[in-house]
Amino acid sequence: MEPIIKIENVRKIYKVGNEKILALDGVDLTINKGEFCCLLGTSGSGKSTLLNVMAGIEKLTSGEIIIRNRCINKMTETQLSIFRQKYLGFIFQAYNLVPSLTAFENIELPLIFKEVPKKERIKRVKELVKAVGLEKRYKHKPSEMSGGQQQRVGIARAFATLPEIIFADEPTGNLDSKTTMEVMELIRTMAKEYNQTIVMVTHDTRIAEFADKVVHIHDGKITEITTKN
Ligand code: ADP
Ligand code: MG
């Protein structure tokens, strides 16, 4: 197995007034290419912090994050944003779609940023719309869709440029349990098709069942790692 993300002795301390909060307390973790990895823990355990430092969204206090053999905590903001655009995708709990754009246009956005030619872009978005089952909703704006449909748009957008790694923080947090299972199945199927790596935060053990590797987090530390074969 080929490691794609390596985390070495990562610590993250938040300072709030005079108080110091140790959100990550010496985390070591390796995630392999094509793996579906869940960060599982109760609220406040440090899951989101770990995901955010891993994705370069937040600075760490000490330690190293190595993605595709590049040490991302040593990158400048410019290097990091180029790296993110090239290799990383994100799915958010609150969908984060552009309200004035249709489903089709939201999915198209990362392809425009990547300067994919129009003809190719339209072909790709049509495939994605079909893959996430939104053929009848692609002209709708986010406010004209259900939560599950909006998250399907969010998923299609994250997968549009075929990033090697997709980060997701509680992506089904606003969905009912039936829609949650459908959305999870969709994410897993799409990721397996292109051997993409998924790192997903959840507090829900039923969601963790979709993962190949479950990383249990408690008080900013990894307490257990279980893998499925
Ligand atoms: P989880 O995602 O597992 O619920 P978080 O990673 O969000 O947990 O938070 C871990 C700890 O760090 C918590 O004690 C939380 O209050 C604290 N924390 C998170 N973000 C910040 C922040 N921006 N400033 C200060 N403390 C924070
Ligand atoms: Mg969180």
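In the predicted model, an oxygen atom of ligand 1 is placed 2.7 Å from a polar backbone atom of Gly-44. A further backbone contact involves Ser-45, where an N or O atom of the main chain lies 3.2 Å from an oxygen atom of the ligand. The side chain of Lys-47 also takes part, with one of its N or O atoms 2.8 Å from an oxygen atom of ligand 1. Of the 560 Å² that ligand 1 exposes when taken alone, the protein buries 62%.

The three residues named above belong to a shell around ligand 1 that also includes Tyr-14, Val-16, Ile-21, Ala-23, Thr-42, Ser-43, Gly-46, Ser-48 and Thr-49. By residue class, this shell comprises seven polar residues, four nonpolar residues and one charged residue. Strands β1 (3-16) and β2 (19-32), together with helix α1 (47-54), each contribute at least two residues to the shell. The largest share, three residues, is supplied by α1.

Strand β6 (residues 88-91) was examined separately. In a regular strand, side chains alternate between the two faces of the sheet. In β6, Leu-88 and Phe-90 point one way, whereas Gly-89 and Ile-91 point the other way. Residues on both sides of this strand are buried. Strand β6 runs parallel to β7 (residues 165-169), to which it is joined by four bridges. Within this pairing, Leu-88 of β6 stands opposite Ile-165 of β7.

Notes
Residues numbered from 1 in each chain as written. Chains lettered and ligands numbered in written order. Predicted model: local features only at pLDDT ≥ 70, side-chain atom pairs only at ≥ 80, totals over all residues. Heavy atoms only, no water. Near = heavy atom within 4 Å. Polar contact = N/O pair within 3.5 Å; in protein donor to acceptor, adjacent residues only side chain to side chain. Areas by Shrake-Rupley, 256 points an atom, 1.4 Å probe, with all protein chains shown as cover. Nonpolar A, V, L, I, M, F, W, Y, C, P; charged D, E, K, R; others polar. Buried < 20%, exposed > 50% of the residue type's maximum accessible area, 1.4 Å probe, protein only. Pairing = 2+ DSSP bridges.
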